[in-house]
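Dear colleague,

I am passing on a structure to you, followed by an account of what turned up in it. Please read the account with the structure open beside you.

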Amino acid sequence: MTDLDIISSVQNPRVKQVLALQQKSAERRKAGLFVLEGRRELEHCLAAGYVADTLFVCRQLYGLEPLPLARRVFEVTPQVYARMAYRDSTEGVVALVEQRRQVLDSLSLGQAPLIVVLESVEKPGNLGAVLRSADAAGADAVIVCDPLTDIYNPNLIRSSIGAVFTVPCVACTSEQCIDWLRQHDISILTAQLQDSSPYYSTDMRRPTAIVMGTESTGLTQQWRRAATAHIRIPMLGRLDSLNVSVSAAILLFEAVRQRQAITVSAGVQLDNIQR
């Protein structure tokens, strides 16, 4: 192991840069960098092809294991690491990573793509949780329309537990998204209370985009008019809405259920033919 330059002061300019990038989206855009902490998140990030610009490692927490590749690596004291890290359980590594801007036309779609579209969802934690559900359901992409948060917000990355790197995530306008979905013949299913059918009675086996808005205002008329179908989750209590991340999980796994039913049915038919 080669000796690393050691940062022992919280007043070090590099420490201040990390803090600025954590706190301000304008700083992230200007530098083209974002802050990432945690081994698991860093592994997902690098496996997705991102480039680590700088690593800060606390050997007392990280140990003597080999470090991931980065342009620059610094060792930091436990005191400095405690100042830089948001969580206590990130195993001693903080990274500055180069941003990568994905666009709609760069998305790689399967035969029957499953996509989540979020309009103006502003809470990073909600978006991160949706990304986790999208990863679990094998969704092709998450598209964030008219975003009120940036996808490299540290809270979003933390709440997604790295799913922001395992599921392609694109930010664009609603107009761009609607045009793109229509060009690819993808059904637009808008989640809304008005003029809607129960989600389980709607066909999600074909190419499908599940579109959701904020809990407070729902979807704009632009999306309601563009919809192929309006769907709802029946609410049997006194409240009329669920958290957007919970709704996304329910709807995504209904699509998974329907698609798996096709696979099982096809397998049974093939088995009967072979017999």
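Helices and strands, as the words are used here, are DSSP runs numbered from the N terminus, with at least four residues for a helix (H or I) and at least two for a strand (E). Please keep in mind throughout that this is a predicted model.

First, the overall picture. The protein contains 11 helices and 12 strands, and its C-alpha trace spans about 65 × 50 × 40 Å along the principal axes. Of its 275 residues, 46% count as buried, while the area that the protein exposes comes to about 14100 Å², with 50% of that supplied by carbon and sulfur atoms. If one takes the contacts between residues at least 6 apart in sequence, 75% of them join residues that are at least 24 apart.

Next, the open spaces. The largest pocket holds about 450 Å³ of space, and among the 23 residues that line this pocket, those closest to its centre are Ala191, Gln192, Leu193, Asp240 and Ser241. Two elements, β12 (229–232) and α11 (244–274), each supply at least two residues of that lining, and α11 gives the most, with 3 residues. By residue class, the lining of the largest pocket divides into 10 nonpolar, 9 polar and 4 charged residues.

The second largest pocket encloses about 330 Å³ of space, and of the 15 residues lining it, Gln99, Asp150, Ile151, Tyr152 and Ala171 are the closest to its centre. Here the elements that give two or more residues to the lining are α2 (25–31) and β8 (169–172), and the lining residues of this second largest pocket fall into 6 nonpolar, 4 polar and 5 charged.

There is also an enclosed space to consider. How many cavities of 30 Å³ or more does a search of the whole structure find? The search finds 1 such cavity, and about 50 Å³ of space lies in the largest cavity. The residues that line this cavity are Gln22, Val35, Leu36, Glu37, Pro154, Ile157 and Arg158, and they divide into 4 nonpolar, 1 polar and 2 charged. Strand β2 (33–37) and helix α7 (154–160) each supply at least two residues of the cavity lining.

Strand β2 leads on to the strand pairing. β2 pairs with β5 in the antiparallel sense over 5 bridges, and within that pairing valine 35, which also belongs to the lining of the largest cavity, stands opposite leucine 96 in β5. Strand β3 (residues 52–57) is likewise joined to β5 by 5 bridges, and these two strands run antiparallel; in this case the bridge partner of alanine 52 is valine 97 in β5.

Is β5 mostly covered or mostly uncovered? The strand, which comprises residues 93–98, is mostly covered, with 5 of its 6 residues buried. Thus β5 has antiparallel bridges both to β2 and to β3, and β2 in turn supplies at least two residues to the lining of the largest cavity.

With best regards

Key. Residues numbered from 1 in each chain as written. Predicted model: local features only at pLDDT ≥ 70, side-chain atom pairs only at ≥ 80, totals over all residues. Heavy atoms only, no water. 1 Å grid on protein atoms, 1.4 Å probe; cavity = no way out; pocket = protein on both sides within 12 Å on 5 of 7 lines; lining within 4 Å. Points joined across faces, edges and corners; volume = space filled by probe spheres on them. Nonpolar A, V, L, I, M, F, W, Y, C, P; charged D, E, K, R; others polar. Buried < 20%, exposed > 50% of the residue type's maximum accessible area, 1.4 Å probe, protein only. Contact = heavy atoms within 4.5 Å. Areas by Shrake-Rupley, 256 points an atom, 1.4 Å probe, with all protein chains shown as cover. Pairing = 2+ DSSP bridges.
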